Amino acid sequence: MSRARRLLMSFGIGVVLMLGVSVLRSLHAQTPAEVPAASAPAEAPAPAPAPGTPDPTGDTTGTAADVPVKDAANPTLPEVMAVVGHNKIATNIVWTLLAGFLVMFMQAGFAMVETGFTRAKNAAHTMSMNFMVYPIGMIGYWICGFALQMGGVGAIGALGGTAPLNSEFSVTLFGKAFDLFGTKGFFMGGDVYDVGVFTLFLFQMVFMDTTVTIPTGAMAERWKWSSFLVYAFFMSMFVYPLFANWVWGGGWLSDLGANFGLGHGHVDFAGSSVVHMVGGVAALAGAIVLGPRLGKYTKEGKSVAIPGHHIPMAIVGTFILAFGWFGFNPGSTLSGNDLRIAVVATNTMLASAAGAICAMTYMMARFGKPDPSMMANGMLAGLVAITAPCAFVTAPVAVLIGAISGVLVCWSVFFIDHTLKVDDPVGAISVHGVNGAWGVLSLGLFADGVYGDGWNGVPGKVTGLFYGDSKQFFAQCIGTLTCLVFVFVSFYVFFKVLDAILGNRVSVETETTGLDMPEMGALAYPEFATSSTGAGYSIGTSGPVSGAVGSPVKAAEAS
Amino acid sequence: MKKIESIVRPHLLEAVRTALQDVGVVGMTVSEVKGFGRQKGHTETYRGSEYKVDFLPKIKIEVALADELVDQAVDAILKTAKTGKFGDGKVFITSLEEVVRIRTGERGEAAL
């Protein structure tokens with residue numbers, strides 16, 4: 001008998017013995033548990049089981065014995081309340097952390113969508129950008145991003161107070177305090193050593209990382225690695241935290257309600273503007289400064305399609321993002337006790353469905369085929385748009401917001417590609433920038449006035465234009481405009497300066513052969529020929545064809 | 001001895017292979033190729049922009065065979081690879097000077 005067979009047999013015998021022992025044990029354990037249950041009267045509360053008794057149904061796990069009191073016979077109300085309060089905050093913290101874990105996984109979704117929509121010769125480079133934003137963004141946020149964003153947010157009741165985050169820098173304008181950035185929590189050191197603050201850091205960090213990864217899609221296939229590295233620190237340390245402070249950290253946009261009577265100030269439940277529009281506008285500025293990929297436009301300025309290399313990867317990535325969004329939106333309550341999470345989660349999925357269906361239908365009606373890349377963009381557009389209003393609208397309105405975003409994303413892709421002539425390989429500007437703006441504006445239109453009492457320190461529920469509060473819509477417009485101007489100017493200047501110092505773009509030779517080997521030192525697919533003869537796009541395709549864009553596919557076979 | 005190179009539509013490969021085997025062809029080499037002829041390319045739309053597919057995928061079948069089999073083999077290809085539309089492909093026939101079987105060193109028709 002060979003050594004391998006002997007090992008296999010002894011393993012098999014071991015498994016059988018272990019199974020037998022565990023069955024015997026469970027038979028033995030069940031017997032005494034049934035005796036008191038049968039003899040006790042039905043009305044009386046079930047007596048606490050003896051310590052160490054198994055509880056297969058879960059009915060007797062967690063009893064009065066688990067509440068720590070000084071005198072078990074006479075528990076006091078404060079003692080019981082302390083446990084209830086601890087449980088409440090514990091639920092919130094567990095919920096917020098789990099939601100944060102889901103959002104973290106969205107990084108994988110972004111990596112797959114962006115890499116799927118770009119060419120095989122750049123796959124290692126595109127994947128690597130999506131990978132490194134996670135660690136770089138996190139460290140940048142830990143250094144100063146979190147402090148600037150949340151250092152002055154004050155007490156967040158749902159997380160047990162977050163007492164140490166109490167210092168905000170502000171200037172006085174028009175006789176009002178304009179809060180600009182927080183000043184506590186640098187390096188997460190000192191007195192922010194608090195479970196509530198750590199929970200907030202994790203949750204806000206993964207949101208920030210989502211923003212950092214959005215421009216990598218619009219700037220893919222031509223962005224120099226060194227320039228990307230500097231960008232990732234700049235976004236996570238400064239630009240994102242500042243705008244996020246103004247909306248979520250107690251800054252001046254959130255104070256528009258309290259200071260100037262504009263509804264509840266700029267309201268963005270989970271980040272249509274804070275996360276997505278910031279990322280989308282940065283992507284726009286970056287793609288403009290970087291310029292289009294070689295071969296993207298003809299000398300006459302006509303747009304040429306450059307198909308992505310892996311549609312299945314992009315579709316799986318889209319599903320991962322849609323799954324992660326269940327952390328993104330419902331988690332933004334920061335509370336598992338706020339059962340509005342049911343409405344938030346359902347609205348989120350409804351809008352994503354409407355976005356995908358409308359984008360697909362629009363493409364079929366206009367071009368005769370659904371275009372998988374636009375179906376995926378449509379679902380993501382619906383998710384981005386519902387991110388701000390998800391907690392404040394009814395289900396039919398969520399479907400409407402998603403449906404509009406599905407068509408809007410198609411129009412926007414064509415407008416940016418054909419009219420603005422800005423090359424965005426994955427549609428990041430349209431999905432995140434345009435639909436992020438639509439999301440916060442739609443909140444100002446459709447908030448139904450049943451939720452959000454006391455939001456941003458303003459009494460009453462959040463109510464949109466169509467439900468009677470035009471000033472809320474005005475606040476949303478100010479927030480949207482601020483995001484566009486602040487982020488665009490910041491990144492346009494940043495990329496221009498970086499271009500002069502470091503250079504943003506790879507050489508023509510690198511771009512033509514693919515960025516994988518020259519920039520990363522590794523090919524994504526070394527076993528396959530992924531680069532053509534140097535035309536800049538894959539074998540079998542060439543320059544543009546004459547004829548109006550949008551004409552039906554011409555099958556030359558019939559000619 | 002002749003060599004037949006035929007360019008056929010990819011989905012008809014199995015039919016052509018079977019027909020060639022039926023007339024006595026005992027081996028072949030197949031490759032995925034791209035090219036254009038009278039079928040030319042066609043245009044597709046991706047994210048609202050058009051692109052031209054210049055080279056269409058085809059299958060190239062290479063067969064080496066004895067002179068007396070050539071006519072039957074060409075007939076077999078014509079029967080199975082023809083749809084009557086542009087893009088059916090072509091058959092190229094060339095003379096073979098010599099064939100060597102690597103395993104045994106046999107030459108000429110014995111090596112086929």
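The following exchange concerns a predicted model and takes up confidence in chain A, the build of chain B and one helix.

Colleague: What average pLDDT does chain A have, and where does pLDDT stay under 50?
Modeller: In chain A, 86% of the residues score at least 70, and the chain averages a pLDDT of 89. Where pLDDT is low, the predicted coordinates should not be read in detail. That caution applies to residues 29–42 of chain A, where pLDDT stays under 50 and the model has five contacts beyond four places in sequence, and pLDDT also stays under 50, with 60 such contacts in the model, over residues 531–559.

Colleague: Which pattern does chain B follow along the sequence?
Modeller: Chain B holds two helices and six strands. Taken in sequence order, these elements give the pattern β-α-β-β-β-β-α-β.

Colleague: Why is chain B described as more spread out than a compact globule, and what radius of gyration does it have?
Modeller: The C-alpha atoms of chain B fill a box of roughly 60 × 30 × 20 Å along the principal axes, and buried residues make up 24% of its 112 residues. For 112 residues the globule rule gives 13 Å, and chain B is well over that value, so it counts as more spread out than a compact globule, with a radius of gyration of 17 Å.

Colleague: How many residues of α10(A) are buried?
Modeller: Helix α10 of chain A, residues 372–387, reaches 23 Å from its first C-alpha to its last, close to the 22 Å expected. A residue is counted as buried when 20 or more other C-beta atoms lie within 10 Å of its own. By that criterion α10(A) is mostly covered, the number of buried residues being 15 of its 16.

Definitions and conventions. Residues are numbered from 1 along each chain as its sequence is written. Chains are lettered from A and ligands numbered from 1 in the order in which they are written. This is a predicted model: local features need pLDDT of at least 70, side-chain atom pairs count only at pLDDT 80 or more; totals for chains, interfaces and linings use all residues. pLDDT is the predictor's confidence in each residue, from 0 to 100. Two residues are in contact if their C-beta atoms, placed from the backbone, lie within 7 Å. Helices (H or I, at least four residues) and strands (E, at least two) are DSSP runs, numbered from the N terminus. The radius of gyration is taken over C-alpha atoms; the globule rule is 2.2 Å times the number of residues to the power 0.38. A residue is buried if 20 or more other C-beta atoms lie within 10 Å of its own, exposed if 12 or fewer, and partly exposed in between; C-beta atoms are placed from the backbone. The expected span of a helix is 1.5 Å times one less than its number of residues.
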